[in-house]
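This report was prepared in response to a request for an account of selected packing features in one protein structure. The sequence and coordinates are shown below.

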Amino acid sequence: MDAVSRIHEFEKFGSVLGLERMNSLMKELGDPQDGLKYIHVAGTNGKGSVCKYIYEVLEAQGYRVGLYTSPFLTVFNERIEFDHEYISDEDLAKYTDMVLDKVKVITDRGEDSPTEFEVITAVAFLYFREKKADLVVLEVGLGGTGDSTNIIKNPLCSVITSISFDHTDRLGNTLAEIAGNKAGIIKEGCPVVTSSRAEEALEVFRKKASETGSEYFETKDTEVNIISETLEGTRFDAFTGNAYYGLEISMKGEHQVENAVCALKAIEVLQDFHDVEISPDAIYQGLKNAVQIGRFEIMRRQPLVIIDGAHNPDGARTLKEACQKLLPGRNILMLTGMLRDKDTEGILREFLEIAHDFIVTEPGNPRKMTADELKCEIEALGGKAESYSEPDKALDEALDSANNYDCLVCAGSLYLIGHLRARLI
């Protein structure tokens, strides 16, 4: 059995927040996380993109950098990256063996088994230590306080991106409750940067930063001048305290400017508080190099096919705004599939401002909404939909129909987008 299959066996333990299992496992492994320097990134939307921007800037400067993100879209190895390369199958097997040997030790003495995400996180910590990473950009999996990545003690910078409603069953039913969970990554005396715009969330972050004696920075009021915005990317000026003229990013949409500004502030924190050397050239080159697969990603030009991992109302709203800005007046067909535990109505109301015609299918996940259920929900909201339970069949039909439209946009569950992306590469 390969390493990925062995890791997936831990899916049966679900997604359980709390650091008890992680503390026990990492102690058995010699606490490899303690010897690394981190930029820790949490948030509802945008955290993956912010991680990419920071990672690419540090890489452009010449640092040996680890990047830990989730979920993966096409191959499992995407989750653990070092020096611009995904972890190899051989290294994944090697470090998985090391982790699972210690899992057996703690379960044999009667302790609870770690979850799948905890096993993967432990593999990443071991791998980055063995690679002697100068810095690690570490993305939170879920929430903050009880997330397995929160075992780290003193990040160089804690970053919290936008906050909205997602995973309310575990994180809370108000923005303040969700923000309180995300704020769990704020550590004593460690600087904090947030791009959140919600005042209810910001009040929580300000209070936690004050309580922990942490320098605190908000980027929502950063002055930005957008020079041009196209399907190729965006050029803009930003004034964070420092002036940056003619920055270029390849990721599309105005929201990516906000993410880039958040990353810029985090980079400045590394420079100002930790003497991490980063040149202007590295900043400009790194921001331009950053690409986040599955985020308004153009897969084909004829016909134009775009995929996006919008899987909650806030992400759907961001996708809508990007389509309105970059594809004005275009006749768009949408291909989508969703999980039933998401706010499907909230997502669809945003999608219906992008397109009227839909092809719907089912993500490869037990929590999926059936294609027929999704079709009924779209039609109840005034849209038109055709349903196909098999994603491959749905994609074939969408591509055949795309010639009658200006653009095909595929969005919804990340499980679906990952599958479609593998087909479209």
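The following paragraphs treat a sheet, a pair of helices, a further helix and a single loop residue.

**The sheet.** In this predicted model, eight strands form an open sheet in the order 4-3-2-5-1-6-7-8, and their pairing is mixed. Strand 4 (85-86) and strand 8 (216-218) each have a single partner strand and stand at the edges, so one side of each is left without a neighbour in the sheet. Strands 3 (residues 80-82) and 4 are joined by two bridges and run in the antiparallel sense. Within that pairing, glutamate 81 has tyrosine 86 of strand 4 as its bridge partner. Helix 5 (residues 116-130) packs on the sheet, where it touches strand 1 (38-42), strand 2 (65-68), strand 3 and strand 5 (135-139). The direction of helix 5 makes about 10 degrees with that of strand 3.

**A helix pair.** Two packed helices are described by the angle between their axes and the distance between the axes. For helix 2 and helix 4 these values are listed in the table, together with the residues that make the contact.

| Feature | Helix 2 and helix 4 |
|---|---|
| Extent | Helix 2: residues 20-28; helix 4: residues 89-108 |
| Angle of packing | Helix 2 and helix 4: about 115 degrees |
| Separation of axes | Helix 2 and helix 4: 9 Å |
| Contact residues, helix 2 | Ser24, Leu25 and Glu28 |
| Contact residues, helix 4 | Val99, Lys102, Val103, Val105 and Ile106 |

The crossing in which helix 2 passes helix 4 is right-handed.

**Helix 10.** In helix 10 (residues 280-289), the buried residues are Ala282, Ile283, Gly286 and Leu287. Because these residues cover an arc of only 120 degrees around the axis, they are on the same side of helix 10. An α-helix has 3.6 residues a turn, so residues three or four places apart point the same way. Pro280 and Asp281, on the other side of helix 10, are exposed. The cover over the buried residues of helix 10 includes helix 3 (47-61), strand 11 (243-249) and helix 9 (254-274).

**Threonine 161.** This residue belongs to the loop between strand 6 (157-160) and helix 6 (168-171). Is threonine 161 buried or exposed? Its relative accessible area is 0%, so threonine 161 is buried, the cut-off for that class being under 20%. Leaving aside residues up to four places away in sequence, threonine 161 touches, among others, Val41, Ala42, Gly43, Thr44, Gly46, Lys47 and Val50, and also Thr194, Ser195 and Ser196. Asn45 is also one of the residues touched by threonine 161, and the backbone oxygen of asparagine 45 lies 2.9 Å from a polar atom of the threonine 161 side chain.

Notes: Residues numbered from 1 in each chain as written. Predicted model: local features only at pLDDT ≥ 70, side-chain atom pairs only at ≥ 80, totals over all residues. Heavy atoms only, no water. Buried < 20%, exposed > 50% of the residue type's maximum accessible area, 1.4 Å probe, protein only. Arc of directions from axis to C-beta. Contact = heavy atoms within 4.5 Å. Polar contact = N/O pair within 3.5 Å; in protein donor to acceptor, adjacent residues only side chain to side chain. Pairing = 2+ DSSP bridges. Axes fitted to C-alpha atoms, helices over the stretch in contact; angles between N-to-C directions. Left-handed = near helix turned anticlockwise from the far one by under 90°.
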